[in-house]
Amino acid sequence: MSKQTLEFHWGKHHRAYVDNLNKQIKGTELEGLQLGDLVKHAYNNGNPTAYFNNAGQAWNHDFFWESLKPGGGKKPTGEVLHLIERDFGSFEAFADEFKQAAATQFGSGWAWLVGIPAGSHGEDKFGKLAIEKTKDAVNPLVLGHYPLLTIDVWEHAYYLDYQNRRPDYISTFIDELISWEAVTARLEQAKATINFYDVKMSSI
Amino acid sequence: MAFQLKPLPFEMDALEPHMSKQTLEFHWGKHHRAYVDNLNKQIKGTELEGLQLGDLVKHAYNNGNPTAYFNNAGQAWNHDFFWESLKPGGGKKPTGEVLHLIERDFGSFEAFADEFKQAAATQFGSGWAWLVGIPAGSHGEDKFGKLAIEKTKDAVNPLVLGHYPLLTIDVWEHAYYLDYQNRRPDYISTFIDELISWEAVTARLEQAKATINFYDVKMSSI
């Protein structure tokens, strides 16, 4: 991911979302909210307010930069790897499903690894990891899911470096850029609200 | 019969510096080609192969519950229509009946240009902005058809809304990112000033008049 890309992606696109959001909420009580809460508030149960796009994109980009690191990628370890293998079958199966989601998000959007609370998906009695894709500025917070990792698949994220070759960008993200440390830290925080294990087996 | 990727109606470097050859190599040569190839794969061996592309798009839209091939069909149609909307040495102002209707329905050419720029700039995410003809009766008590500007998301186009497309600008980021990066408004202004084929718009307006009456019944000619 080139310096040139980041100069535009962070320095222009992300900066504009933040600046424009600030203009939209200036002088209102919304200024006091944390960004994640503002996003959920703005989503307004599927009838988004005027500032939803900027709020969502501001949050999404913060989360995206934290999902990347130099010398990243490869495989996770510890509990993240354990849960990935448990809920996807193998790391390779996770990677394939993530690549598929990111590649097939038509138009602009994001692909995510999330934690889904128990009871959200049939008769599961414990939380689990899942992959989802969202359009434009939408993110898993508004779906009540806990984001653990994201890839930006808006064309501005990869066009200067990969042009139409979105699958190559996605593969490189997985092989070279993911900060599994960030995912691990987020999983720890997620465990405050999501029980990933059967109540009888609350530790590995 | 499978759909074909039609050649561009101009040389790849003919729109420089406003739209680079490099952009067209990717936009036409990769993106548009992929929409056509993938659409053909999706409809191969089905009765859909016999449809005209515009009819396939409307069929695929399925009244707002689009089928799996809608995105590729819509994008194949949209890109054919976009290339035909461009010309070297284009832009400036239209003349004749196109200018007359623009002035009638927007107030002035400048007002049209401002509204078109606004629509194109504010289409969040991927999509298109359009000048369209809207039939009489679609909009309140108007007794005659009129020109309007609309914006659509992703692969959607005015055909599925029952409107008659006259002009489009592609505002998916792949359309302008190599040449303008984040500066979508600059791309849009350049499109208006340098690239629009008003000849194409005029020809489409003539065709539109077969199904849309743009004038009060009592005043059927200017």
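Author: Welcome! Before we start, one term: contact means heavy atoms within 4.5 Å. Please also keep in mind that this is a predicted model.

Reader: How many residues of domain 2 of chain B are in contact with domain 1 of chain B?

Author: The domain assignment of chain B gives domain 1 as 21-84 and domain 2 as 96-211. Their centres, taken over C-alpha atoms, are separated by 20 Å. Domain 1 brings 20 residues to the contact, and the number from domain 2 is 24.

Reader: Thanks! Which residues of chain B does the UniProt annotation "binding site" cover?

Author: The annotation comes from an unreviewed UniProt entry. It covers four residues that you can find in the structure above: B:His27, B:His79, B:Asp170 and B:His174.

Reader: What is the largest C-alpha distance in that cluster?

Author: Along the sequence these residues are spread over 148 residues. In space they cluster all the same, as the pair B:His27 and B:His174 shows: 147 residues apart along the chain, their C-alpha atoms are separated by 6.8 Å. Across the annotated residues, the largest C-alpha distance is 12.2 Å.

Reader: Is B:His27 buried or exposed?

Author: Start with where B:His27 lies: helix 1 (residues 21-43) of chain B. Its relative accessible area is 0%. Buried means under 20%, so B:His27 is buried.

Reader: Which side chain makes a polar contact with the side chain of B:His27?

Author: B:His27 touches several residues far from it in sequence, including B:His79, B:Asp170 and B:His174. One of these also makes a polar contact with B:His27 through its side chain, at 2.9 Å. That partner is B:Asp170.

Reader: Where is B:Asp170 placed in chain B?

Author: B:Asp170 counts as buried, with 0% relative accessibility. Among the residues it touches are B:His27, B:His79, B:Trp128 and B:Tyr187. As for its place in chain B, B:Asp170 is in strand 3 (residues 164-170).

Reader: In which helix is B:His79 found?

Author: B:His79 also counts as buried, at 0% relative accessibility. It touches three residues of the annotated site, B:His27, B:Asp170 and B:His174, as well as B:His32, B:Tyr35 and B:Trp128. In chain B, B:His79 is found in helix 3 (residues 70-84).

Reader: How far apart are the end C-alpha atoms of helix 5 of chain B?

Author: We can work out what to expect first. Helix 5 (residues 109-122) has 14 residues, and at 1.5 Å a residue it should span 20 Å. The model agrees with that, because the end C-alpha atoms are apart by 20 Å.

Reader: Within what arc do the buried residues of helix 5 of chain B fall?

Author: The buried residues are B:Phe109, B:Phe112, B:Ala113, B:Phe116, B:Ala119 and B:Ala120. An α-helix has 3.6 residues a turn, so residues three or four places apart point the same way. Here the buried residues line one face of the helix, because, seen down its axis, they fall within an arc of 130°.

Reader: Which residues are exposed on the other side of helix 5 of chain B?

Author: The buried residues have cover from elements of chain B that include helix 4 (96-106), strand 1 (127-134) and strand 2 (146-153). On the other side of helix 5, the exposed residues are B:Asp114 and B:Gln118.

Reader: Let's visit chain A. Which elements do the buried residues of helix 7 of chain A pack against?

Author: The buried residues of helix 7 (residues 166-177) are A:Arg166, A:Tyr169, A:Ile170, A:Phe173, A:Ile174 and A:Leu177. They cover an arc of only 130° around the axis, which puts them on the same side of the helix. In chain A, they pack against helix 3 (52-66), helix 5 (91-104), strand 3 (146-152) and helix 6 (159-162).

Reader: What is the value of phi of A:Asp136 near?

Author: A:Asp136 is found in the loop between strand 2 (128-135) and strand 3 of chain A. With a relative accessible area of 8%, A:Asp136 is buried. Its phi is positive although the residue is not glycine, with a value near 55°.

Reader: One last thing: which residue does a cis peptide bond join to B:Glu16?

Author: The omega of this bond is about -5°. The partner of B:Glu16 lies in the segment before helix 1 of chain B. The residue you are looking for is B:Pro17.

Note on methods. Residues numbered from 1 in each chain as written. Chains lettered and ligands numbered in written order. Predicted model: local features only at pLDDT ≥ 70, side-chain atom pairs only at ≥ 80, totals over all residues. Heavy atoms only, no water. UniProt positions renumbered as here; feature names shortened; annotations may be inferred. Helix = DSSP H or I, 4+ residues; strand = E, 2+ residues; numbered from the N terminus. Buried < 20%, exposed > 50% of the residue type's maximum accessible area, 1.4 Å probe, protein only. Expected span 1.5 Å × (residues − 1). Arc of directions from axis to C-beta. Domains from an automatic or database assignment. Polar contact = N/O pair within 3.5 Å; in protein donor to acceptor, adjacent residues only side chain to side chain.
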